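Student: Could you walk me through this protein with a few questions and answers?

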Amino acid sequence: RQRAEEAARELSANGIIALGVPADVTNEAEVERMAARTIETFGGIDILVTNAAIFSTLRPKPFTELSVAEWRQVMDVNTLGVFLCVRACTPALERSGSGRIITISSGVAFKGNTHYLHYVASKGAIVSMTRALARELGPRNIVVNSLAPGFTLSEGVQANDALIAGARGPSLVGRTIARDMYPQDLVGAACFFAGPDCAFITGQTLVVDGG
């Protein structure tokens, strides 16, 4: 919703043709407009990565203290947003002949981390949505897979002291490769799911968390 044009300018300055379209992924009309602008600019859509989610701004709290409004906001962005983006892009992905959808789930879906029940539930839903979408879209030559990152020191996460204090230590202790994880650690896996080597792999979730 923010800094889309700025991100596009940064990419363009590095020789990458980019389009920034501000959009709220919970808004059906805005998502449709985003897809239409993309098709208009680039002539189609080959790859969709559903990366928009609420996480880095969350404060840990027992599930008994979560409000209905908080639950709905996380679910709307993290699950409804994925549904709307996939639905809007599917016709173009099918026309591409080898469409790729990469959803972003999370390692917490398998670990069941405490004090983030709404977030954990939303990422578990993404794992199940990935499997169901893979079955439904396979006959249309679209493969659907999911990346499940571990605790990642993104720009937003590093701005949330409570999140860092609660999650960084346990994440490091539990990793086989005992170092912090950064967004660039996901690039290789994302490129694999987006590329030709993934043509016969669908419905899978790959955990990328340092072991």
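## Contacts and cores

Student: What percentage of contacts between residues at least 6 apart in sequence join residues at least 24 apart?

Tutor: Good place to start! First, this is a predicted model, where local features need pLDDT of at least 70, side-chain atom pairs count only at pLDDT 80 or more, and totals for chains, interfaces and linings use all residues. Residues are numbered from 1 along each chain as its sequence is written, and side-chain values use heavy atoms, with hydrogens and water left out. A contact means heavy atoms within 4.5 Å. Among contacts between residues at least 6 apart in sequence, the share joining residues at least 24 apart is 71%.

Student: Which two residues touch the most other members of the largest nonpolar core?

Tutor: A nonpolar core is a set of buried (under 20% relative accessible area, 1.4 Å probe, protein chains only) Ala, Val, Leu, Ile, Met, Phe, Trp, Tyr and Cys residues joined through side-chain atoms within 4.5 Å. The largest one has 35 residues, and the two touching the most other members are Ile 101 and Phe 151.

Student: Which helix gives the most to this core?

Tutor: Let's look at the suppliers, remembering that helices (H or I, at least four residues) and strands (E, at least two) are DSSP runs, numbered from the N terminus. Elements supplying at least two residues each include helix 2 (28-42), helix 5 (117-137) and strand 3 (142-149). The top giver, with ten residues, is helix 3.

Student: How many residues are in the other core, apart from this one?

Tutor: Its members include Ile 102, Met 181, Phe 193 and Cys 198. Met 181 is also one of the contacts of Phe 151. The number of residues in that other core is nine.

Technical notes: Buried means under 20% relative accessible area, exposed over 50%, partly exposed in between (1.4 Å probe, protein chains only). Lists of a residue's contacts leave out its neighbours within four places in sequence.
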